[in-house]
Amino acid sequence: MLRAAVLGSPVAHSFSPALHAAGYAACGLEDWEYGRHEVDAAGLPAFVAGLDDTWRGLSLTMPLKEAALEVASSVSDVARQAGAANTLVRRDDGGWDATNTDVSGAAEALRPHLLGEPRRALVLGAGATARSVVLALAGLGVTTLTVRARDTAKGADLLAWALDAGIGIRNGSVAAIDAWVTTKDDVVVSTVPPAGGEDVAATVPAQHGGVLLDVVYAGWPTPVARAAAAAGMTVVSGLDLLVHQAAAQFTLFTGRPAPVEAMAGAGIAALGGRA
């Protein structure tokens, strides 16, 4: 039996087991299993050290995305840039490669909904997910970044990193979240946790022609998604990001092309048919 799992704390809510199990079933991988383990940052080194060679990959959620860099034998460029890894892949020598599929997941979630190459983007929030989102946006062609955050100091740090990281962001601005008044952004990504959704929804302009990705997938549609749809935006669910980042992990773990449609169907089912 070959094994993979999602680790985090808390982790009981994770949809990753449903997504990966659906992928295994669709590909006939009967000798694979995917589990879920409650692990905090302090416990990660011992957990990883205790895994035998049947383990092929680990998906990492909060609070492990930075700690994963410390237990890895090597770190991919994208994980190093993001300062976070959501994936550990077993190496032939028994070590672990750390990478970040959140970046490609966000890009693939947005790509089908974009008309041409986006140049201006707005990111709401400046927490742990925002740096991966900015890398995805830069890869899609964004050159101007606006950051709106409750903690404007953290927002300024995010923008300064983006401008200095050599990823293509050439200019931008920072303000409080309640200052979302521009209607010129091609793409808006909300990385705000569910608890702050009502406040952010109240700042959505009455009209906006861009695309909004809300990285939250539970409780869909979120208050931000409802407000954006009412303003005329194309709305992308966080489930799309979740599925695409999981699909990239599936391929890294198994060496097989991911059955994205089957994995997406499992995600929709896990949400009770709402996506």
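User: How much space lies in the largest pocket?

Analyst: Happy to walk you through it, and please keep in mind that this is a predicted model. Here is the general idea first. Rolling a probe the size of a water molecule over the atoms shows where empty space is left. In this structure, the largest pocket holds about 1,100 Å³ of space.

User: Which residues lie nearest the centre of the largest pocket?

Analyst: T61, M62, K65, T129 and V215 lie nearest the centre, out of 42 residues that line the pocket. You can also look at the lining by element: strand 3 (55-60), helix 5 (102-110), helix 6 (130-140) and helix 10 (238-254) each supply at least two residues. Helix 10 gives the largest share, with 5 residues.

User: Let's turn to charges. How many salt bridges does the structure hold?

Analyst: The structure holds 7 salt bridges. To spot one, look for a side-chain nitrogen of Lys or Arg within 4 Å of a carboxyl oxygen of Asp or Glu. For example, R119 pairs with E117 at 2.7 Å, N to O. R119 is partly exposed at 41% relative accessibility, and E117 is partly exposed too, at 49%.

User: Which residues are joined into one network by salt bridges that share partners?

Analyst: Those are R91, D93 and D97. The side chain of R91 meets that of D93 at 2.8 Å and that of D97 at 3.2 Å. As for accessibility, D93 is exposed, at 56%, while R91 is partly exposed at 25% and D97 is partly exposed at 28%.

User: What about R90: is it buried or exposed?

Analyst: R90 is buried, yet it has no salt bridge. The nearest side chain of opposite charge, D52, is 5.6 Å away, and a salt bridge needs the atoms within 4 Å, so this pair does not qualify. R90 does have another polar partner: the backbone oxygen of G94 lies 2.7 Å from a polar atom of its side chain. R90 sits in strand 5 (residues 87-90), and residues it touches beyond its sequence neighbours include L51, W55 and W96.

User: And which side chain makes a polar contact with the side chain of N171?

Analyst: That is T144, at 2.7 Å. N171 lies in strand 9 (residues 171-175) and counts as partly exposed because its relative accessibility is 38%. Setting aside neighbours within four places in sequence, N171 is in contact with T143, T144, L145 and L163. By contrast, L29 is 47 Å from N171, C-alpha to C-alpha, with their positions 142 residues apart in sequence numbering.

Notes
Residues numbered from 1 in each chain as written. Predicted model: local features only at pLDDT ≥ 70, side-chain atom pairs only at ≥ 80, totals over all residues. Heavy atoms only, no water. Helix = DSSP H or I, 4+ residues; strand = E, 2+ residues; numbered from the N terminus. Buried < 20%, exposed > 50% of the residue type's maximum accessible area, 1.4 Å probe, protein only. Lys, Arg positive; Asp, Glu negative; His and termini not counted. Polar contact = N/O pair within 3.5 Å; in protein donor to acceptor, adjacent residues only side chain to side chain. Contact = heavy atoms within 4.5 Å. 1 Å grid on protein atoms, 1.4 Å probe; cavity = no way out; pocket = protein on both sides within 12 Å on 5 of 7 lines; lining within 4 Å. Points joined across faces, edges and corners; volume = space filled by probe spheres on them.
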